[in-house]
Amino acid sequence: MNKYPHLFSPVRIGETTVKNRIFMPPISTNLADKGYVTDDLVAHYAARAKGGVGLIVTEVTTIEPTYTYLPGDMSIHDDSFIPGWEKLTKAVHQYGAKILPQLFHPAYMAFPIPGTPRLIAPSNVGPYYAKEAPRAVTAEELQVIIRQFGEAARRVKQAGGDGVEIHAAHAHGLLGGFLSPLYNKRTDAYGGDLNGRLRLALEVVAQVRQECGKDFIIDVRISGDEYTDGGQNLNDSIYVAKQLEKAGADFIHVSGGTTIMRGSSIPAPGTPMGSHIRLAEEIKKHLSIPVASVGRITEPWLAEELIANGKTDICMIGRANLCDPAFSEKARQGMEDKICPCIGCLRCLNGVMFGKRIACTVNPALEAVLENVSVSEAKAPELSMEQVPQAQQKKDILVIGGGAAGMEAACVAAERGHHVVLCEKEKELGGELRIAAVPIAKQDLTKVVKYLTARLAAAGVDVRLGCPMIKELLTGEFAGYEVIAATGASPMILQPFTAFKQWMSADDVLAGNAFPGRKVVVLGGGSVGCETADYLAPLVDDLFPRNREIILLEMADSIMLQETGPGRSLLVQRMRKKGVQIVCGAKVERVDAEHIYYTKDGSEYCIDDADTLVFAVGYCIDPGMEEMLKESGVDYHMIGDARMVGNIKSAVAEGYEIGLRI
C-alpha cells in the first residue's frame, strides 16, 4: 500500500543503515544558547524524528571557539558541549532516526561579534558585504583547524551521534572557500589548481576518519556547480566528489550555488522544485557511495520520482519538514492532503539572519511548540499543528472572514472541541490569499487555501459562503456566540489622485476585477506594487507592439525595503529584464485626467501618455465591523489585518493564537 516504495526503502550509509531516504538538511534555528544544546533544540529535532525523518543533519555546529557564524548556532568545540549532545542524540534515536551535526568553520563569513579578531579566509578575498578584507590563514593554522575538526567529530561520537557532515559547499565558510576559485587565490600547497584547493577538505575527512573509525558516517556537502563565472563548475565537482570518496566519505550531499549570489543556493518561491538535481544526477554516475540532492524538494511525489528515476539516492527535505514535522509519516501513510504545505517563502530563514528564532509562515505551531514544550524526559512535541490541546470549556464560536487568519482560527478552535461557524461574504474561501497567489512565483499560496479548507472540513466547521455579516445575525442566530473577526483590510486609495482617467487598485488587477491599458503607472514599490508590475509586464522585453510599458514610482530610496530574501532578488531581476522602469525617490504631487506629476531630486516630471494608474500604497482597516460588534454587545476578538495590517505570517499566527486561547 506504500505509494512511495523508493522513498521509504532503507539506504546503507557506510556501516549504518538508515530506515528511509528522507533526510533533513541543516537549517539554522537560533535556538542554541552560546553554542550549547537547549531544550528547545531537542524538542525541534525530536519532533522531526518522531515525524518519520530517516536522518537529520543539524544546523551549523562550529568546531572552535573564536569565530561565531550566528549567535544562536550550535558548537562542539570542547567537552563541555557533550552532555547537551547526548540529550539530543537520545531524543532523536528513540524514534529510529540518525543524527549528524554539520561541522563548520565560518572563517570570513563569521558574525562580527565585538572582540572577534580579524576574520580569516583562504586568501585576502571576502564577500562583497565585508567591512574589511580578511587575512589569509597560514598553513600552520590550518593544521590546528584540521585537528579541531577531528576532535569535534570525536566528541560527536562520544555523545552518541551517528556521524558528521563536513560543510564544503556554496563558497561558504573555510572549507567551501578553499574549494572555490572565487575565494582561493593561494599559491602554496592549498591553492592554485583544483587539487590544491581540495587538499584541506581531504585532510579534514582523513582526520575525522582517523579519530572516529569506519563505523562513523562522514558526509561532505559540496556545490555541484557554483553557477557563477569564475566559480567551481560541474566538471570540477565530479572530480572533487570522486576524491572525497577515495578519502573516506560515506555519502556526498550535492547542493549548488553560493550564499552571496542570492537565490542560487537556496531557491526562491516559484523556482523549479529539485533545483540542484541535474548536478546530483551527473555526480552520482561517477560514485559508488550514495548521493543526496537538496533544493526545494517539498512534495513526496517528487522525492519518489527523483529516486525511482535514478537521479539521486537520497532526498534532503528541509523546509517542508519545518512546515510540517510529520511530513515523512504523512507521506508514508498516503495522507499527502494533510501535509501542511511549504510555500518556499523563506520566512524561516529571513528572521534567523537577523537574530530571531526560527519561524514558519504557514505553521505557527513551530514557534508555539518551542515556547511551551517540555523535554525533560526527551519526549518530542506533537506531530503537527492539527494536534492541539482540547478546550476545558466548549463554546459556540463565530468566525467572520474566511481568509488566512479566519480559516486558521476556525480550524484550531474546532480542533480543540469548540462548535465553530465560519461566515465568509464571498463565494470562495481564501480571502487575500487567493489574490496573493496570482503574481508570478506565488502560486504555492493556492496550496495553503486547499489545505486550510480541508482542515475546516475535517474539523467539522460549519462554513457558510456568500454570507455577509449583519447585526441581525449577530443578535439573532449567533446570540451568545463568542466572535472572532478576521475581515481583513482594504486597499488604500489616494482620493486626490482618482482624478486620473482610469485608476484601480493592485488588488483589482490581480483579482481580475479591472483590466489596465498599455502604459501603466504603478504607485508604490512595496511587495504588492512590485509583484503587480512584474505580473503586468511583458514576459519578454522584445519591443512587441502590444507589450505593456510599466512605470513603477516609489517615494523611498529603494523598493521592497522590508524584504531581504532570494524571492525579492529574483523579482527585481525579472522586472529589470522585462524593462519595468523603476523610479525611486519619486513623490507624486498632483494628478489630473491626463497627467501624473511627480518630483525627484528637486525637479518635477510629468507622465502625459499613461492610460492607467494602479494604487499599491498599502491597506487600511475598515472600522465598521468592530463598531457593529460593539453595538451588538457580543464578546469579540479582532485578528489579522482587521486588527492591524500585517502579512500572511502574522495573520496565520494570530489565528492560531486566538484558536488556542479562546
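Which residues in α13 meet α15, and which residues in α15 do they meet? The tour of this predicted model begins with that contact.

**First stop: α13 and α15**

Select residues 404-415, which form helix α13, together with residues 445-459, which form helix α15. The two helices pack at an angle of about 30 degrees, and their axes are 9 Å apart. Angles under 35 degrees count as roughly parallel, so α13 is roughly parallel to α15. The crossing of α13 past α15 is left-handed. Now display the side chains. On α13, the residues in the contact are A404, M407, E408, A410, C411, V412, A414 and E415. They meet V449, L452, T453, R455, L456 and A459 of α15. Sorted by class, this contact of α13 with α15 comprises ten nonpolar, one polar and three charged residues.

**Second stop: α13 and α21**

Keep α13 selected and add helix α21, residues 648-661. Here the packing angle is about 25 degrees and the axes lie 7 Å apart. Helices α13 and α21 are therefore roughly parallel to each other. In this pair, α13 passes α21 in a right-handed crossing. From α13, the contact draws on A404, A405, E408, A409, V412 and A413. From α21 come A651, V652, G655, Y656, I658, G659 and L660. By class, the contact of α13 with α21 holds ten nonpolar, two polar and one charged residues.

**Third stop: a sheet of five strands**

Next, select the strands of the open sheet, whose order is β19-β26-β20-β21-β22 with parallel pairing. The edges are β19 (503-505) and β22 (581-584); each has a single partner strand, so one side of each is left without a neighbour in the sheet. From one strand to the next, the twist averages 20 degrees. To examine one edge, show β19 with β26 (residues 612-615): the two pair in the parallel sense over three bridges. W503 has L613 of β26 as its bridge partner.

Then add helix α18, residues 527-536. Helix α18 lies across β20 (519-523), β21 (549-554) and β26, and runs at about 170 degrees to β21.

**Last stop: α8**

Finally, select helix α8, residues 300-308. Are P300, L302, A303, E304, L306 and I307 buried or exposed? These residues of α8 are buried. To see what surrounds them, add α7 (277-284), β13 (314-316) and α10 (327-332), against which the buried residues of α8 pack. The tour ends at G310, which follows α8 and has a positive phi, near 75 degrees.

Note on methods. Residues are numbered from 1 along each chain as its sequence is written. This is a predicted model: local features need pLDDT of at least 70, side-chain atom pairs count only at pLDDT 80 or more; totals for chains, interfaces and linings use all residues. Side-chain values use heavy atoms; hydrogens and water are left out. Two strands pair if DSSP finds at least two bridges between them. Helices (H or I, at least four residues) and strands (E, at least two) are DSSP runs, numbered from the N terminus. Axes are lines fitted to C-alpha atoms, for helices over the stretch in contact, and angles run from 0 to 180 degrees between N-to-C directions. Contact means heavy atoms within 4.5 Å. Angles under 35 degrees count as roughly parallel, over 145 as roughly antiparallel, 65 to 115 as roughly perpendicular and the rest as oblique. A crossing is left-handed if the near helix is turned anticlockwise from the far one by less than a right angle, and right-handed if clockwise. Ala, Val, Leu, Ile, Met, Phe, Trp, Tyr, Cys and Pro count as nonpolar, Asp, Glu, Lys and Arg as charged, and the others, Gly among them, as polar. Buried means under 20% relative accessible area, exposed over 50%, partly exposed in between (1.4 Å probe, protein chains only).
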